Amino acid sequence: SYTLNYSLFPFFTLLYEQSEEFGPVFIQEPDDAIFSLDSDDKKVIMNCEARGNPVPTYSWLINGTVVDAEADFRYSLIDGNLIIHNASEAIDYGRYQCRAENSIGTVQSRDALLQFAYLGAFSGRARGAVSVREGQGVVLMCAPPPHSPEIIYSWVFNELPSFVAEDSRRFISQETGNLYISKVQPSDVGSYVCQVKNTVTNARVLSPPTPLTLKTDGVMGEYEPKIEAHFPQTVLAAKGITVRLECFALGNPVPTITWRKMSGNIPKKARLRKSQAVLEIPNIQLEDSGSYECKAENTRGGTAFRGHLQVYTLPQWISMINDTQLDSGEQLHWECRATGKPRPTYRWLRNGEPLNSQSRVEMVNGELIIHRLQQADSGMYQCIAENKYGAIYSSAELKILASAPVFSTNPIRLIATVGKDVSLECRPRASPKPRISWRKNDRRVQIMLLRNNTLRIINSSRSDEGSYVCRAENQFGSAELTIVLLVKEPMRVELSPIRVEVTVGESVVLSCKVTHDPSLDVSFLWLLNNQPLNTQQEGGHFEYIQTQSSTADLMIRSILLKHAGKYGCRAQTSADSVLAEAELLVRGPPGPPGVVIVEEITDTTATLSWSHGVDNHSPITTYNVQARSPVSLGWQTVKTEPVTGNMESAMAVELNPWVEYEFRVVATNGIGTGDPSTPSRAVRTKEAVPSVAPANVRGGNGRRHELVISWEPVSEEFQNGEGFGYIVAFRANGTRGWKEKMVTSADSTTYKYRDETFPPLTPFEVRVGVYNNKGDGPFSEVVTVFSAEGEPREPPSEVQAFAISSSEIKVMWKPPNPGPGRPQGYEVSSWKDMEQEEMGKKKRTMGNETTMLLTGLDGNTQYLISVKGFNSVGQGPASSPIKISTKKNAPSLPPGNLMWIQEGNNVSLSWDPVKARDNESEIIGYKVLLRQEGRGHSQVMRTPNSAVVLTLPEGGTYIIEVRAVSEGGEGAASAQVRVLTSSGKLHSAQTSLKLLRQLSNIVCLKPISKWHRSPSLLFAVVASS
């Protein structure tokens, strides 16, 4: 056997492509371009690229004239791209074509139009004023400057950025640029400036102003419309673009514009813009062609304008020409076809030059026929389809062949089997076609020669073995092919078992044994239903086992239903291929039944039918009917009579009325339950009187004199029909007649009844029923519900307030007397003496607390305070306001001139006393805070004096600060003192200083004359803030 290394194919292909010559083929052709004359870079690039072997060279045409890039310095070529330096409209505007050429031939690109974008300036000459009567129409001319390409018009009123807003009375034509005012009003008087914007460069220029004034000789009376702006009588539009048709009229009253298409309807995609003055048709198609009419009407009359819209299409290819190889002397027949409106015409190019009809050349309607081809006819051909709106090109290479016969493979060894027909092919590459002859063992043979020069041997035998030679010959030379034919005994294949039945999940082995000529190698291929079996994609269910060269087994594990079918074992040698087949039947759960059909539906039943599905070789025993609705949790089994395997219908019972159901059927056999059928179409059961009463009827809360009744709504599943609602019935305890109220919303959960006559917490008997369009359903059980106790009726009593500090007041009160309207909490209002209560603050308790601390108040200020109770119904009355003043503010100055010294583990600290100002609270003492650096917790020491002794543990850095304390709160903090204790010694420094190594070099020394005397005290350190 022989093995071919396919990994070398890309390499061989690459070598072949590099060596084979072919003509130029465009990769990129030049496109239409618009170049801005305002651009800083005065350079235009027209792109062109082609592939070919040999590599193509390039040249360019402008309006049909060859560009001489060497003689004109403004042009340069880089690869195929044409670069134009210092481009100008006068010289360079026009149509450009690229030509690509190599030794095979020349091709010419499509046309590309080069345009230039610019926007000139308006004439500087002043524009005269336009004077009209009030009510008269007017047209203000824009007279735009020279420009290319399109521009956008707008009008400025008086000064920027005030632009004229278009409406039914005012219109700006994007065709003429003029401003049309159908009926002038006094508010229109002013100065008007036309602004134009280039769509490519975005440049803008403004016209001189045009003043609009009103004449004083009267007001213009009413007059019939006159159309001043309209689309052309013939509009030409390319298929696929958006078309805008304009129509605007002057008139008094302001005319109304309407549109119609004379034959048929205006396209649905069309849109009316600018108060119907513009009909816009996007993505226009051929069927949108026709006559369109705009009509302007007012109470004085009407007028109309009609024009024709013509849609044209550029040529588009239906069929194109392809590269062709023919022998010399044969006939070439090419045909290209294109659509377009107008219908395209055709012309042909050969190597970029026009091809004309002559004795051997015919050109008719896109067909090219060349008789008796010659070597000179080789080259690049182009078919051009064109109408007046554009042209398209199709290119192909014609190659004329002329070569002696060549055989790609020689000799060939061919093996056949006894009794089979054998075909010996002889297909050399040659041009023109060669003459063919055969011989065997150097003797001429005439067994059976077919038209394609194939030698056919019928019912081959051993005697047919030998060497066969095919000779091919033409005017350029000759060649021979040798075929060595060997004839072997045919192969026999046996596959067992031929037919086998298994159950899903079981395993089976198919064995394939071959009898063949021992000189030949045999290979095996397994098939399932005539398709090669890919064990990699079957999830490990299949395994090939080959223990001998002539035997191959296929093991199928954990069989699935999809594994059933016809298995084939194909044994193949270089001489023969034989297929043996076996059938595998798989028993399993049933397949899905056929589509379920709802035959009849009532309020609680559904008659269903279906067709049998496959039983997978095990008889179906039962069917199970399932249903689902929008309110069910997926599919649920519904109640039916027993449905045996031979039945194809059933009645589902005990369904809910007026519920939309889908039904499906599941089949079961002795092996298991199969997949469900496709669901039926959704059907709704008939309506019925409701059968389920509301649950959890209860009540309470509400405002005074209200009875609030609530319940859990009945789900849609149990409403049983349209027009579902509730009947709320109630009566005071001890009375006989029921009051009934209808609640028409199925989603309602509450009903409120108000009666000023019954006192709070009056007991009522309550029940809630249901109804729908079919009638009344059941009521719930009777429950007792109390009417609302209402909002609190009395204010809290004994309200007191105490000033805690300059910003805090504590308020205390007692609850109101027990009774209806019990508070669930309290709201405290506080406001300054000179303010309204609404300007103050309100704060609520978390529950029934009877104290509250008010914070964030201003110092030395008198406040009024009142308290009111509230509950879920509302607020009760407020207590009478009481007055209370906050304490004066805390001292604003911090303790100063801090001094501290060390004595053992103690730090003695002193400071200058703080003096309160007139508007500040008197000092009642000081608070000293001590904390270890890095920890949040502080030790606090209070003292009435301006000195204190602190005991510090050994080790660590401590921070000390002092605050003055008054009735108004704590004052500002002193400068912080940092004290470092290490090895039983204390070091100190101001907060901003680092740890001191030589304390005496940095700290300020001060005599200790004010301190108590001690022999161990040498100096004191003074810290100031």
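**Notebook: strand partners in two places**

I began with Leu-326 and found that Ile-400 in strand E37 stands opposite Leu-326. The model I am reading is a predicted one, and I keep that in mind for every entry below.

I then looked up the strands behind this pair, and noted that E29 and strand E37, which covers residues 390-401, run parallel and are joined by four bridges. Both belong to an open sheet of five strands, whose order I wrote down as E29-E37-E36-E32-E33 and whose pairing is mixed. Strand E29 (324-327) and strand E33 (353-354) each have a single partner strand and stand at the edges, so one side of each has no neighbour in the sheet.

Next I turned to strand E76, residues 862-870, and asked how many of its nine residues are buried. I found that eight of the nine are buried, and I therefore recorded the strand as mostly covered, with buried taken as under 20% relative accessible area.

I went on to list the strands that pair with E76. Strand E73 (residues 825-832) runs antiparallel to E76, with eight bridges between them, and here I saw Ser-829 standing opposite Ser-866 of E76. Strand E78, residues 882-885, is also antiparallel to E76, and four bridges link the two; in this pairing Leu-864 has Lys-883 of E78 as its bridge partner.

Last, I followed the chain from E76 to strand E77 (residues 875-878), which pairs with E76 in the antiparallel sense over two bridges. The connection is a hairpin of four residues, and I noted Phe-870 opposite Gln-875 of E77.

Technical notes. Residues are numbered from 1 along each chain as its sequence is written. This is a predicted model: local features need pLDDT of at least 70, side-chain atom pairs count only at pLDDT 80 or more; totals for chains, interfaces and linings use all residues. Side-chain values use heavy atoms; hydrogens and water are left out. Buried means under 20% relative accessible area, exposed over 50%, partly exposed in between (1.4 Å probe, protein chains only). Two strands pair if DSSP finds at least two bridges between them.
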